[in-house]
Amino acid sequence: LGGAVGGRQEFAPGPRAAPKGESERERLKRSAFRRLDRNRDNFLNERELLALARSLSYPGSQEDWQEAYKQICTRFGASTQCGIDFLAMSSMVDEQGAFYLSTEQLGELLTIPTNPSP
């Protein structure tokens with residue numbers, strides 16, 4: 001995972017082209033990450049990750065989201081300035097919990113707007 005080193009974010013490769021024999025779920029995760037990563041820096045920042053949270057009907061306020069985002073970054077050893085990388089996002093949507101997405105939900109994520117209102 002990309003992490004902060006000396007105050008700078010390490011390079012984290014983004015989702016590459018699908019390897020031969022990749023599952024449908026993995027393909028959908030890569031596509032979802034690329035769709036959410038609006039600035040194409042290979043990280044999901046606070047605003048970009050909020051689009052994923054809103055797709056899961058996140059009910060919290062902007063202040064609640066800021067705190068949740070900090071906790072997510074801490075959990076995955078990511079800088080709050082840059083955000084989480086593909087591997088962290090992949091883990092989040094695979095683990096049972098608030099960000100779990102079924103394969104069907106991953107497909108639906110590709111159709112939602114990616115500019116959440118604050």
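This report describes the fold, core, loops and salt bridges of a predicted protein model.

**Overall architecture and confidence**

The model is a prediction, and its average pLDDT over the protein chain is 84, with 79% of the residues scoring at least 70. Residues 1-9 have a pLDDT that stays under 50, and the model gives this segment 23 contacts beyond four places in sequence.

Two strands and five helices make up the secondary structure of the protein chain. Read from the N terminus, the order of elements is β-β-α-α-α-α-α. Of the 118 residues in the protein chain, 42% are buried. The exposed surface of the protein chain amounts to about 6,700 Å², and carbon and sulfur atoms supply 49% of that area. When contacts between residues at least 6 apart in sequence are considered, 60% of them join residues at least 24 apart.

**The nonpolar core**

The largest nonpolar core comprises 28 residues, and Leu49, Leu52, Trp65, Ile72 and Ile84 are those with the most contacts inside it. At least two residues of this core come from each of helix H1 (24-36), helix H2 (46-55), helix H3 (62-75), helix H4 (86-94) and helix H5 (103-109).

Isoleucine 84 illustrates the packing. Leaving aside residues up to four places away in sequence, isoleucine 84 touches Phe33, Asn42, Phe43, Leu44, Leu49, Ile72, Phe76, Ala78, Met89 and Met92. Two of these partners, Leu49 and Ile72, are themselves named among the core residues with the most contacts.

Helix H2 contributes a run of buried positions: Glu48, Leu49, Leu50, Ala51, Leu52 and Ala53. The cover over the buried residues of H2 includes H1, H3, H4 and H5.

**The loops on either side of H2**

The loop between H1 and H2 contains asparagine 42 and asparagine 45. Asparagine 45 counts as buried, at 19% relative accessibility, whereas asparagine 42 is partly exposed, with a relative accessible area of 21%. These two values fall on opposite sides of the 20% cut-off that defines a buried residue.

At the start of H2, a side-chain oxygen of asparagine 45 comes within 3.1 Å of the backbone nitrogen of arginine 47. Beyond four places in sequence, asparagine 45 touches Asn39, Tyr69, Cys82 and Gly83.

Most residues other than glycine have a negative phi. Asparagine 42 departs from this pattern with a positive phi of about 70°. Serine 57, which lies in the loop between H2 and H3, also has a positive phi, of about 65°, just after H2. Serine 57 is exposed, at a relative accessible area of 58%.

**Salt bridges between H1 and H4**

Side chains of opposite charge can pair when their charged atoms come close. The whole structure contains six salt bridges. Within this set, Arg25, Glu26, Lys29 and Asp94 are linked in a network, and the table lists three pairs from it.

| Pair | N to O distance | Placement |
|---|---|---|
| Aspartate 94 and arginine 25 | 2.9 Å | Helix H4 and helix H1, 69 residues apart |
| Aspartate 94 and lysine 29 | 2.6 Å | Helix H4 and helix H1, 65 residues apart |
| Lysine 29 and glutamate 26 | 2.7 Å | Both in helix H1, three residues apart |

Aspartate 94 takes part in two of the tabulated pairs, one with arginine 25 and one with lysine 29. Because aspartate 94 lies in helix H4 and lysine 29 in helix H1, their pair ties together parts that are 65 residues apart in sequence. The lysine 29 and glutamate 26 pair instead spans about one turn of helix H1.

Which of the residues in this network are buried, and which are partly exposed? Lysine 29 is buried, with a relative accessible area of 0%, and arginine 25 counts as buried at 17%. Their acidic partners are partly exposed: aspartate 94 has a relative accessible area of 33%, and glutamate 26 stands at 25% relative accessibility. In this network, therefore, the basic residues fall under the 20% cut-off for burial, while the acidic residues lie between that cut-off and 50%.

Terms used:
Residues numbered from 1 in each chain as written. Predicted model: local features only at pLDDT ≥ 70, side-chain atom pairs only at ≥ 80, totals over all residues. Heavy atoms only, no water. Core = buried A, V, L, I, M, F, W, Y, C linked by side-chain atoms within 4.5 Å. Buried < 20%, exposed > 50% of the residue type's maximum accessible area, 1.4 Å probe, protein only. Helix = DSSP H or I, 4+ residues; strand = E, 2+ residues; numbered from the N terminus. Contact = heavy atoms within 4.5 Å. Areas by Shrake-Rupley, 256 points an atom, 1.4 Å probe, with all protein chains shown as cover. pLDDT = per-residue confidence, 0-100. Polar contact = N/O pair within 3.5 Å; in protein donor to acceptor, adjacent residues only side chain to side chain. Salt bridge = Lys/Arg side-chain N within 4 Å of Asp/Glu carboxyl O.
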